[in-house]
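I opened a fresh notebook page for this one. My plan is to pick one helix, then one residue, and then step back to the whole chain.

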Amino acid sequence: MEKKFKGRVICKGNYEGECVVSRQGLNTLATFQKSALMNKKKVIGSDQNNPDVYGKNLTGVALILPQTIGSTTGGLVIQTICQMKINPSALLFSEEIDSLAASGVILAKNWENSNIIAIDKLGSDILSEIKTGDKIKISEDGTVEVIAVSYTHLRAHETLSAGV
């Protein structure tokens, strides 16, 4: 079964690699601030209220989420992690991008020459059909497709099909 989604391009780009899926709103301040303040080389999700991202490497991956939530500093946090070059490669929104995230990615793209990709309106099915660890391909036209399912999810499927 081919999994393919088409959204609206905010900041275009191409990407092929791993994704992390947050099924709830992503608090940008709580998720990214600790790594930024400690001048880390990569972002490890630090929002304890979001088990989908907590403790996971978010640098260089495609982050799939419904939208961002939290503080009005959210856009500045996105711009800052892009300036530090520790940002996710892509922010993929199931819903319409919120104004704070939009300002952050647009400022990062224009002021920091960041290559961050942002696509919104991908639909709610993306949150249930793509799993953390899956490999995806993003095209400049806003198409997102699964190119490989993670090993963990293959093992779960094999166990289910074996009747266990």
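**Entry 1: the helix**

Which residues of H3 are buried? I looked them up in this predicted model, and they are Ala101, Ala102, Gly104, Val105 and Ala108. I then checked how these residues are placed around the axis: they cover an arc of only 165°, so they sit on the same side of H3. That pattern is a familiar one, because an α-helix has 3.6 residues a turn and residues three or four places apart point the same way.

What is exposed on the other side of H3? There I found Ser99, Asn110 and Trp111.

Next I asked what covers the buried residues of H3. My list includes two elements from early and middle parts of the numbering, strand S2 (8-11) and strand S6 (68-69). It also includes helix H2 (74-83), strand S7 (90-93) and strand S8 (117-120).

**Entry 2: helix length**

I wanted to know whether H3 has the span its residue count suggests. Helix H3 runs over residues 99-111, and at 1.5 Å a residue its 13 residues should span 18 Å. The end C-alpha atoms are 17 Å apart, so the two values agree. Just after H3, I noted that Asn113 takes a positive phi of about 55°.

**Entry 3: Asp120**

From strand S8, one of the elements covering H3, I picked Asp120, which lies in that strand. Is Asp120 buried or exposed? Asp120 is buried, with a relative accessible area of 0%.

Having an acidic side chain to account for, I looked for a polar partner. The side chains of Asp120 and Arg8 are joined by a polar contact of 2.6 Å. Setting aside neighbours within four places in sequence, I found Asp120 in contact with Gly7, Arg8, Ile10, Phe93, Glu95, Glu96 and Ile97.

**Entry 4: the whole chain**

Stepping back, I counted five helices and ten strands in the protein chain. For 164 residues, a compact globule would have a radius of gyration near 15 Å; the protein chain has 15 Å, so it agrees with that rule. Along the principal axes, the C-alpha atoms fill a box of roughly 50 × 35 × 25 Å.

I also noted that 48% of the 164 residues count as buried. Of the contacts between residues at least 6 apart in sequence, 76% join residues at least 24 apart. Last, the accessible surface comes to about 8,300 Å², with 51% of it belonging to carbon and sulfur atoms.

Notes: Residues numbered from 1 in each chain as written. Predicted model: local features only at pLDDT ≥ 70, side-chain atom pairs only at ≥ 80, totals over all residues. Heavy atoms only, no water. Helix = DSSP H or I, 4+ residues; strand = E, 2+ residues; numbered from the N terminus. Expected span 1.5 Å × (residues − 1). Buried < 20%, exposed > 50% of the residue type's maximum accessible area, 1.4 Å probe, protein only. Arc of directions from axis to C-beta. Contact = heavy atoms within 4.5 Å. Rg over C-alpha atoms; globule rule 2.2 N^0.38 Å. Areas by Shrake-Rupley, 256 points an atom, 1.4 Å probe, with all protein chains shown as cover. Polar contact = N/O pair within 3.5 Å; in protein donor to acceptor, adjacent residues only side chain to side chain.
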